[in-house]
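Hello,

Here is the structure we spoke about handing over. Please open it first and then read the notes beneath it.

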Amino acid sequence: MKRTSLVLTLLAVLALVAAACGGDSGGGGGGGEGAQGRDAEVDASLCPVDTLEAASADGPVQIEFWHAMTASNEETLNTMIDDYNASQDAVEVTGVFSGSYDETLDKYLTGLRSGELPQLVQLEETTLQTMIDSGSTVPAAACVAASDYDTSDILPSVLAEFEVEGTLWPMPFNVSNPVFYYDRNDFTAAGLDPDAPPATLDEMYDMGQTIVRAGAAEHAMSLEVQPWYPEQWMSMAGETLVDNTNGRDARAEAATVDNATMIDIFTWIREMVDNDLIFNVGRNPSGADHFFALASGDAAFTIGTSGALGSVYDALDSGTVETDVDIGIGPLPGPVAGGPTSAGGAALSIVANGSSPEQIAATWDFVQYLVDPVQQAFWHVNTGYIPISFTASEDADVQALWADRPGYQVAYEQLADENLPPGGGGPVIGAYVEFRNALEDAIEALVLDNADPTATAASLQEEADAAIASYNDRVADS
């Protein structure tokens, strides 16, 4: 899906980055490239935590929280907000649904021009560079330093995903990663061990062929055209997607996708298609078609976000989907077995522009509540998002859920692994929308147009380089 309106809004707002970097009378603000060195100490004064107590003497400090949660996830989040408001009298939070992640970013960037901004905003990990360049947020690291907050309980891979040049920018909140979904019945019918799903792409191909040849399923895999998966496969192979250690040691200036690993990934996709092992569901805007293909028997397995585990389990347990599938969940297979995945999902950015010192302090107080192990356990059990802390994973309710639905533990353990991707997480790219559009086009060309993998990797490199250079030039000129 082309996110045209988001790109246009981003282009428009980049002209204002220089002004935004100055911050507002409320203080704080980040900066662009080089704002914080890897070993530099963050300025704790950006997060004036000591102002909350005096300010709240006149009544609770009011803060607004823009989020992208819907349906039951929104209900759970609202419960957490209500519980926080009732637990103390210093802060009152108003949660505001601001649309999808893309719509929330669009609204936020527009707010940089209008001045209509919240005190806290929930955005995807792909927006990290854009939000740093906006200069409109307080690095979470400043609040960590100001309050002597201990981050050691947070999963290293989750923390590292939101760090750039050694500085934690947003605070992670709701995270997920891709896992392998499969029908255990199809594996059994094909003579495969249902307790031993594939660990590599080559094993996916071999097992897929075995399943199809045995007549257990018409196709091996239902595939959605999703750029997140090749990104993860590159990370699992120890490869970056952009230079400067995935944009984490310095601003990304060029892609690093025209290499043997990406060509091998593209070749694997072509071979799966050429051997009729793929049931293609296209760009899958609903985010559900690849799962429906598994449920209907059109495919024996798929890969998808762990954020869908709750919906998949609920649909099977309730009988709302008529299927004979015996669902199995395994770690994401990659170019090599057991390679590190990076955290997807969203984090919480503390907004400096338009926020008073007291509001910044109040926002940090609320953020600490949301990432507390007790709240993370509640969040996980009620939404399926992965708990971000070791302590939350030990909660009795979490352990009971994992015993009943073991797929959740698979997703958690992938991120609890201390083996991290290059730079600690996925790529940090200002032109992430354009980068993913180019990668999405590349996958589609392989699946639909019999594109050559080597030529496709070269073309992707060219398009990504152009997008990154264009973005960086606009930031430099602003």
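**Two helices side by side**

Helices α10 and α13 are roughly parallel to each other, because their axes cross at roughly 5°. Please keep in mind that this is a predicted model. Helix α10 covers residues 201-213 and helix α13 covers residues 260-274, and their axes come within 11 Å. On the α10 side the contact is made by L201, D202, M204 and Y205, which meet W268, E271 and M272 of α13. Sorted by class, this contact has 5 nonpolar residues, 2 charged residues and no polar ones.

**Strand β9 and its partners**

Strand β9 takes in residues 219-223, and 5 of its 5 residues are buried, so the strand is largely enclosed by the rest of the structure. Which strands does β9 pair with? One is β11 (residues 299-305), which runs parallel to β9 and is joined to it by 3 bridges. Within that pairing, S222 has T302 of β11 as its bridge partner. Another is β10 (residues 278-280), also paired in the parallel sense, over 3 bridges. There, M221 is matched with I278 of β10.

**Helix α11**

Helix α11 (residues 228-236) is likewise largely enclosed by the rest of the structure, since 9 of its 9 residues are buried. Among them are the nonpolar-looking names you might expect, such as W228, Y229 and W233, but E231, Q232 and S235 are buried as well. After α11 comes G238, which has a positive phi, near 80°.

**The nonpolar cores**

In soluble globular proteins, nonpolar side chains tend to be buried together. In this model the largest nonpolar core has 74 residues, and those touching the most other members are F65, V138, M171, Y181 and F366. The helix that gives the most to this core is α16 (residues 357-371), with 9 residues.

What does F65 touch, once its neighbours within four places in sequence are left aside? Its contacts include L77, I81, V93, V96, L120 and V121, and also L348, F366 and L370. T94, G95 and Q122 are in contact with F65 too. F366 therefore appears twice here, as a contact of F65 and as one of the residues that touch the most other members of the core.

A second, separate core has 57 residues, including V225, W268, A431 and A467. W268 is also one of the α13 residues that meet α10.

Regards

Technical notes. Residues are numbered from 1 along each chain as its sequence is written. This is a predicted model: local features need pLDDT of at least 70, side-chain atom pairs count only at pLDDT 80 or more; totals for chains, interfaces and linings use all residues. Side-chain values use heavy atoms; hydrogens and water are left out. Axes are lines fitted to C-alpha atoms, for helices over the stretch in contact, and angles run from 0 to 180 degrees between N-to-C directions. Helices (H or I, at least four residues) and strands (E, at least two) are DSSP runs, numbered from the N terminus. Angles under 35 degrees count as roughly parallel, over 145 as roughly antiparallel, 65 to 115 as roughly perpendicular and the rest as oblique. Contact means heavy atoms within 4.5 Å. Ala, Val, Leu, Ile, Met, Phe, Trp, Tyr, Cys and Pro count as nonpolar, Asp, Glu, Lys and Arg as charged, and the others, Gly among them, as polar. Buried means under 20% relative accessible area, exposed over 50%, partly exposed in between (1.4 Å probe, protein chains only). Two strands pair if DSSP finds at least two bridges between them. A nonpolar core is a set of buried Ala, Val, Leu, Ile, Met, Phe, Trp, Tyr and Cys residues joined through side-chain atoms within 4.5 Å.
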